[in-house]
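Me: I would like a close look at one part of this model, the place where two of its chains meet. Please take me through it carefully, and begin with how a single chain is laid out.

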Number of protein chains: 4
Amino acid sequence: MSSYFERMKCMKNVYLNGEQVNDLLAEPAFKGAAQAMQTYYDLQKDEPETHCFRDEQGNYAPISLMVPKTIEDLRRKRKSYKAIADISFGMLGRTPDFINAALSTLYAHSHFLGMDQYADYQNNAIEYYKFVKDKNLFIGHGAINPQIDRSVSLGEQTNEFAGVHVVSHDLNGITVSGAKMIVTLAPIADELLVFNMPGLRPGDEKYAIAFALPVQTPGAKIICRKTTVKPTLSQFDHPLANRFDEMDAYLVLENVHIPWNRVFIFQDVEKSNLFYDRTFIRHHTGHQGIVRGVSKAELLTGVAIKLAKMLKLDQFVNVQEKLGELTSSVELLKASIILSEETAHLNEKGIVTPNIHTIQAIRYHFPKMYEKMIKHIQSLAAGSMLATPLLQDFLSENGDMLMAALSTGEFDGQERTKLLNLAWDVSGDSFGQRQLVYEYYHAGDPMRIAANHYLAYEKEEMLKMVDRALNEKSELLKV
Amino acid sequence: MSSYFERMKCMKNVYLNGEQVNDLLAEPAFKGAAQAMQTYYDLQKDEPETHCFRDEQGNYAPISLMVPKTIEDLRRKRKSYKAIADISFGMLGRTPDFINAALSTLYAHSHFLGMDQYADYQNNAIEYYKFVKDKNLFIGHGAINPQIDRSVSLGEQTNEFAGVHVVSHDLNGITVSGAKMIVTLAPIADELLVFNMPGLRPGDEKYAIAFALPVQTPGAKIICRKTTVKPTLSQFDHPLANRFDEMDAYLVLENVHIPWNRVFIFQDVEKSNLFYDRTFIRHHTGHQGIVRGVSKAELLTGVAIKLAKMLKLDQFVNVQEKLGELTSSVELLKASIILSEETAHLNEKGIVTPNIHTIQAIRYHFPKMYEKMIKHIQSLAAGSMLATPLLQDFLSENGDMLMAALSTGEFDGQERTKLLNLAWDVSGDSFGQRQLVYEYYHAGDPMRIAANHYLAYEKEEMLKMVDRALNEKSELLKV
Amino acid sequence: MSSYFERMKCMKNVYLNGEQVNDLLAEPAFKGAAQAMQTYYDLQKDEPETHCFRDEQGNYAPISLMVPKTIEDLRRKRKSYKAIADISFGMLGRTPDFINAALSTLYAHSHFLGMDQYADYQNNAIEYYKFVKDKNLFIGHGAINPQIDRSVSLGEQTNEFAGVHVVSHDLNGITVSGAKMIVTLAPIADELLVFNMPGLRPGDEKYAIAFALPVQTPGAKIICRKTTVKPTLSQFDHPLANRFDEMDAYLVLENVHIPWNRVFIFQDVEKSNLFYDRTFIRHHTGHQGIVRGVSKAELLTGVAIKLAKMLKLDQFVNVQEKLGELTSSVELLKASIILSEETAHLNEKGIVTPNIHTIQAIRYHFPKMYEKMIKHIQSLAAGSMLATPLLQDFLSENGDMLMAALSTGEFDGQERTKLLNLAWDVSGDSFGQRQLVYEYYHAGDPMRIAANHYLAYEKEEMLKMVDRALNEKSELLKV
Amino acid sequence: MSSYFERMKCMKNVYLNGEQVNDLLAEPAFKGAAQAMQTYYDLQKDEPETHCFRDEQGNYAPISLMVPKTIEDLRRKRKSYKAIADISFGMLGRTPDFINAALSTLYAHSHFLGMDQYADYQNNAIEYYKFVKDKNLFIGHGAINPQIDRSVSLGEQTNEFAGVHVVSHDLNGITVSGAKMIVTLAPIADELLVFNMPGLRPGDEKYAIAFALPVQTPGAKIICRKTTVKPTLSQFDHPLANRFDEMDAYLVLENVHIPWNRVFIFQDVEKSNLFYDRTFIRHHTGHQGIVRGVSKAELLTGVAIKLAKMLKLDQFVNVQEKLGELTSSVELLKASIILSEETAHLNEKGIVTPNIHTIQAIRYHFPKMYEKMIKHIQSLAAGSMLATPLLQDFLSENGDMLMAALSTGEFDGQERTKLLNLAWDVSGDSFGQRQLVYEYYHAGDPMRIAANHYLAYEKEEMLKMVDRALNEKSELLKV
């Protein structure tokens, strides 16, 4: 058994449907995703030139942990991100490379964290990076505070699970309690990085923290949502839903002790709010995210095309238009990735950061494109997706009849059914809709993404253009 | 046990996941819907003034079977439709009143069916109506031919399951084979009305038939799709999905004998194409359908509002706008129902038919409105829907903690979770998405609905207006 | 010369492009609209049964001034509104019936205005109603305060033209200064009703007024925007734009004296905010507005249809779908009007008020429908609208050639060109875009319309439905 | 007087409103655009390093005529395109660089044209390229056949102006008659390149031609559409509309003689259909077109931002979202340009062609983005755009009052008005709407653009992904 699988064997604080999960790898809700993680590790062994770099000691480490110094480095990281995303067709968004990308830039910009009387946070980040790199761990993260009452600030909440907060601290470390929601893939990660998205306000100090902890820590519980896996059905019936449910968990911490060397921010509202942006975590995880999006977009566009072909609909120009809307969206997504790399920023220390304006631009538009993909698939397959027998029907006395009845062109009854099942999984099944919700909200409220794009974008040239349009005089024109 | 439940006990040709279902009422995939059907029958007993009319013999019969003679009759039918829809919040679209509405108008316009050397189809329709009325049966229907190859006509298909066709006929009746898809609620209906939607072409004669048969008929098989019921989870976890899955089945007929007195159209392409419209089945089932839509629209709008209130989002004007988009859509839906009734057509025999132009108008627009309801619910609940523990978690050792952790304002942890579960069921769960697909396609391709609205609509006045705009001369204006 | 034209001859404080207009009826920017107003008066003479009612003295008065006592009264008013709208194809939104509808309900609910130490406002409203009725005047209105700085309240504005405010008052009346924007059709109205839309705040008292004044009043100036009339071109070139520009004017008042008997609200923020709603002006002008919308919708839908036919595009199903989207929208608009009437409210005094929820519902949706009409027209005519010769070209040496070159089917070159010109006028010309902006904003910010629909709508039943979905237990289902 | 202006002095076959234009430079409809053309020529003198390259003789020639050999060459051409577009804020789409880009690639791929018994078309293209380069001419083009009857092919049309066709040919050349529509900027061009877009069918041979001719040719007439210039108003009133109307003309040819050395395709349907694509004209003009789009997008986004700031609306997060939608769209547009260059194709002769898939992708999406820009501007400025006095009002006795009344924050009354006028010009004026129609349709029917994107796009990888999703077996998962 691989070391990743062995590590997973130890996890005991994961709860699913009211019960503690004894064997993660045997649990249908997790085993598909765990298998994908193992494939992630296998890729490093099988294709180290693509998926690894050599660290200062000359050892191979996952390339997602590499600090990029050139645009070519970004391209190399992209190539690995894409191959990792392809394992799950982009359906697993929080594979280890996601937080690795974050840790590499946190390491490179660790000076932002500084130090105080309690700890040297900069050094903590450096050491944590090395620890993760040397052990080649899978780090998940918890950043989103439960949506309890959006009309008051965290510090004013009476509900102590509205976020994770400091209960006390001493020479050894800090004691924290509280909760984070949508801690994706937490059940099958090694450790978690806990921090806040921007938006804390003065008075929220005790919530203004960042730290790391092993998933398996006393006082920490991982409580899962409903799985989208249907254990009584087969991969034929749910080609994707039964393989790649990406579990979102509710993380509860009750008086959990965190040693100082795993603390990165301590009761500092300003640092907490700037953490995501000033360490460029947002930039690098955003880069990974839009690259992953390509896998997803390619799969769904492919499904739409194959459906149209199977149902002989691709000869109609209005169907072709829909398909062209999808292929052209894929192209715009790819264009954004290239621009984010080609206009990357090189800082004085020789570190390269992808262009966040491009990343956020496509982040705002991509979920709309993805929704169109789902919509067009639903429109092409329509009712046919609701008229598919199950695998056991094909294996039953009715099997021969169904094979004949449901054949169309070169597709036999099973092939036709399986493609429709795949179409349903990505568009109508709980699995596919969770994927849609994830695309829309995993990077925060889309309204805020757009608002911030406007606020942060370089607007000077555009405003000068307006001034020129208002004030420039034409020679020929008298007035 | 009620007579409906007793009748259901006899059904043996329903297949689910490869197995013949022995006890429909015990099967999780059906028992919620069957319970709703029983409630449908109970309503007639409990509120006969609303749900029944007295037939020529003075006996109570379901008002959905009444032939309407006045606009007030339409309003009475509407009131009953709405109360029936409310049983399932509109999620069961093919309750018995749906085909009852069809049978009442088929009965009233049975002359359309005529007769030939084989049978008196007009009389068959009259007798069948009386049979259904006297037994108070639940009739489902199969109208949609499987989407096999849309580029050739039915008669040219090599796949003999591309529709239901005549194999042979003799003095006793006809023998049919073939298939229909999305025969909704067939597993728990008494009989099925089988016919075609318009669109057959010359050469499709053997497919051009209409007839009725008991569900439990030798040679007839009902093969179900994947259920959206999750039998291991509770009503708490899936407040609607575990109660109201409306099973869509694939109906296969293999050399099934239909006696002549149950045949309504026999190998007549023109009659088959006109059947739906000329008997006004389209009008009356459409009327039932848009009334049912109100229940659904009210529930989803209510869910959106309650979510906004629970999450304290309803104070923001942009959220209020979204909610107002939904409430105003509900209002337009209601307006359409009123107009379809107020402008109903009274024919020379004193029979009243609701205005199909209004019905088709809202049919085209309603799915878009419904999709907005889903979208706004997803946008309000967003990630929170993916962060809900299950009932068993609340009943476990973690229960007290979760009750506290997930409370918000006046909602305790369970209440908050259950509302989010309801939001997920209607918007993200397979159940909710099946409902969306159903709204979009249950009345045919929306593109065709709109195209036909244009083709059938009274355009003369609008074109005259254009002529006037082009040709009218103003006195003051010289040119 | 008619009395209306004679009255218009006296107007001298209208400014257009920097000059005082000496003869309104000779000015191209006004004469088309003035002609339409004359037609409005003619209708009353020619069809008094439709357009008039008999007042208490037994005299004919415009039916728009009738206080409705029955739903049938609303239907009668609707019939007249529609015929008036048809004069201009709905392009003139502020015809006299608009404020007449307001005055009739203000009269009927004048008790809301009350009295104080300065004046009996209730009586003022009654007397003003009689004055307008007896003279059969054309009353315009100014309600929108110039958009100067939306971040501070009126009372805090340093710009004294941010609204109309009281400068002083004495025994004879009040002196007002300030401005209103988009005082539509003011140049050719007899009098103006000046008031505020809701939204004033404590501290805005001096702006919190309502009163009437003759357009031709010392100190009052009407300053026009750019006209969309092209005086050098013909009705052929601009079939609508050259006839029905509905001038929006900027009204400036500089120390204008208003006698007390023309004041309806005096420095009362609460009354000013409630004025529009509590006197039901919003309801009745809204009713007129959506009826007028039908004319507009019919014309544009007709233009789209005729274009599709002329260009032989109406055979394509995707074009038919677009046209069906328009015809079905027209139907929903009509449905809303009927529902607003059928569910009108009858108060204890026997006065009937149309249902504002229905009116606001369609008000929110109609501009989107109208925009679709414009979009589909642009999509059908596309570049062809940009390739039309002018009338003078047809009259020139090139005329014969153009007649031949541009003929298509039964349309000769001029007919084809004129239809394309009409398409451009309603969709691409400044005229058509002003109409679109008007539809979107004439009843206030659409975001607020929707938000208020949500806030005011009866939500109890929908929320009960949610509660039932959450709490109802199924008998068969165990959990 | 410049040589360009001098050349324009000779043009005599331009008709506007029924009259032959005697002095193009004095005609308000043209003089703004002509001025912009002069600026185009000035740029070459003032900034030759940016706008010129050295041809084989070592002479400066416009860089748009350069045959690109490297990606850097494409970037250089882009830089010049952008600066040229900036002259008119992208409002002039058919500046000389547009057809220059076409001629350079036609020259580089002239072998496609071949030769026959009449002429050496390849050589004709080479010589014409040199002629244009040496004279530094402005070439317009006519490609769109008038939309007469879309249900029959060109060859079947009875209307002989449905396209341009061969009347006869002899040793000297060919004689052509017929028409093209939307021959943009033709009135102020030197010569025209006449060809067809793809879509001709067998039987259309006599229409299947391509050739060049001087605008001023006997038998050729340029008949203009309505101008959007308002000659009685000022640049203040119409900051853009009065400067940059890009005239679309109807080109009529009556027995026009074209010498063989100006003919490029002669009665060859296949060549005519492939012309646009196989010579890569589509690719290079597309590249110019999307670069020009940036100017337009920047101006409109800038206008939206400045409006929001002026009206103090930019503090609201929902307004920020709208602005962010625009800034992120600008970014996607830029991304597409970069990708089209970075993935340019290098052929065996060392010639570089930009990636058409990327160009067509953004071409499909950009008009929708542009429409959103217009929509958001209309939503921000709303009624205020309809409440602006004219320049003459500010210069009149009312001027001081208006300056005060309409001031807001740091904007005085004139500045506020002028910005609103600019907003109207780009969004609501005929000028702005013509620009929108142009964006949507100048590259053909958007439905076809998307359909062709789908048809031409590399789909193999996406379909393989679907196959993998269908067939890949997971190790852990049993079925």
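Reply: Before we come to the contact itself, it helps to know one chain, and here an unreviewed UniProt entry gives the annotation "domain: HpaB/PvcC/4-BUDH N-terminal" for residues 3-265 of chain A. Please keep in mind throughout that this is a predicted model. Over residues 3-265, chain A is 29% helix and 24% strand, with the end C-alpha atoms 31 Å apart. A second feature, "domain: HpaB/PvcC/4-BUDH C-terminal", is placed by the unreviewed UniProt entry at residues 273-470 of chain A, and that span is 75% helix and 2% strand, its end C-alpha atoms lying 39 Å apart.

Within chain A, a salt bridge joins the side chains of A:Asp248 and A:Arg434, with 2.7 Å from N to O. The pair links distant parts of the chain, since A:Asp248 belongs to strand 11 (residues 248-259) of chain A and A:Arg434 to helix 14 (residues 430-441) of chain A, 186 residues apart. Side chains of opposite charge can pair when their charged atoms come close. Over all chains, a search of the whole structure finds 104 salt bridges.

Now to the place where chains B and C meet. Chain C is superposed on chain B by a rotation of 180° with 0.0 Å of shift along its axis, and the RMSD is 0.0 Å. This is the relation of a two-fold axis. In chain C, the C-alpha nearest that axis belongs to C:Ala335, 2.5 Å from it.

The contact takes 78 residues from chain C and 79 residues from chain B. Because 100% of the interface residues of chain C are also interface residues in chain B, the copies meet through the same surface. Between them, chain C and chain B bury about 7,200 Å², of which 67% is on carbon and sulfur atoms.

The interface also has polar links, for 22 residue pairs are in polar contact between chain C and chain B, both residues being at pLDDT 80 or more. Several helices of chain C each supply at least two residues of the side that touches chain B, among them helix 2 (28-46), helix 4 (71-87), helix 8 (281-310) and helix 9 (317-342). The largest share of this side of chain C, 18 residues, comes from helix 9 of chain C. Sorted by class, the side of chain C that touches chain B has 38 nonpolar, 20 polar and 20 charged residues. Four salt bridges are found across the interface of chain C and chain B, and in a salt bridge of 2.9 Å, N to O, the side chains of C:Arg243 and B:Glu472 meet.

For a last detail, we can turn to a single residue in another chain, D:Lys82, which is found in helix 4 (residues 71-87) of chain D. Leaving aside its neighbours within four places in sequence, D:Lys82 is in contact with D:Val291, D:Val294, D:Ser295 and D:Glu298. The side chains of D:Lys82 and D:Glu298 are joined by a polar contact of 3.1 Å.

How values were computed:
Residues are numbered from 1 along each chain as its sequence is written. Chains are lettered from A and ligands numbered from 1 in the order in which they are written. This is a predicted model: local features need pLDDT of at least 70, side-chain atom pairs count only at pLDDT 80 or more; totals for chains, interfaces and linings use all residues. Side-chain values use heavy atoms; hydrogens and water are left out. UniProt positions are given in the numbering used here, feature names are shortened, and annotations may be inferred rather than shown by experiment. Helices (H or I, at least four residues) and strands (E, at least two) are DSSP runs, numbered from the N terminus. Copies are superposed by least squares on the C-alpha atoms of residues with pLDDT of at least 70 in both. Contact means heavy atoms within 4.5 Å. Buried area is the accessible area (1.4 Å probe) that two parts lose on being put together, summed over both. A polar contact is a pair of N or O atoms within 3.5 Å; within protein, one must be able to donate a hydrogen and the other to accept it, and residues adjacent in sequence count only if both atoms are side-chain atoms. Ala, Val, Leu, Ile, Met, Phe, Trp, Tyr, Cys and Pro count as nonpolar, Asp, Glu, Lys and Arg as charged, and the others, Gly among them, as polar.
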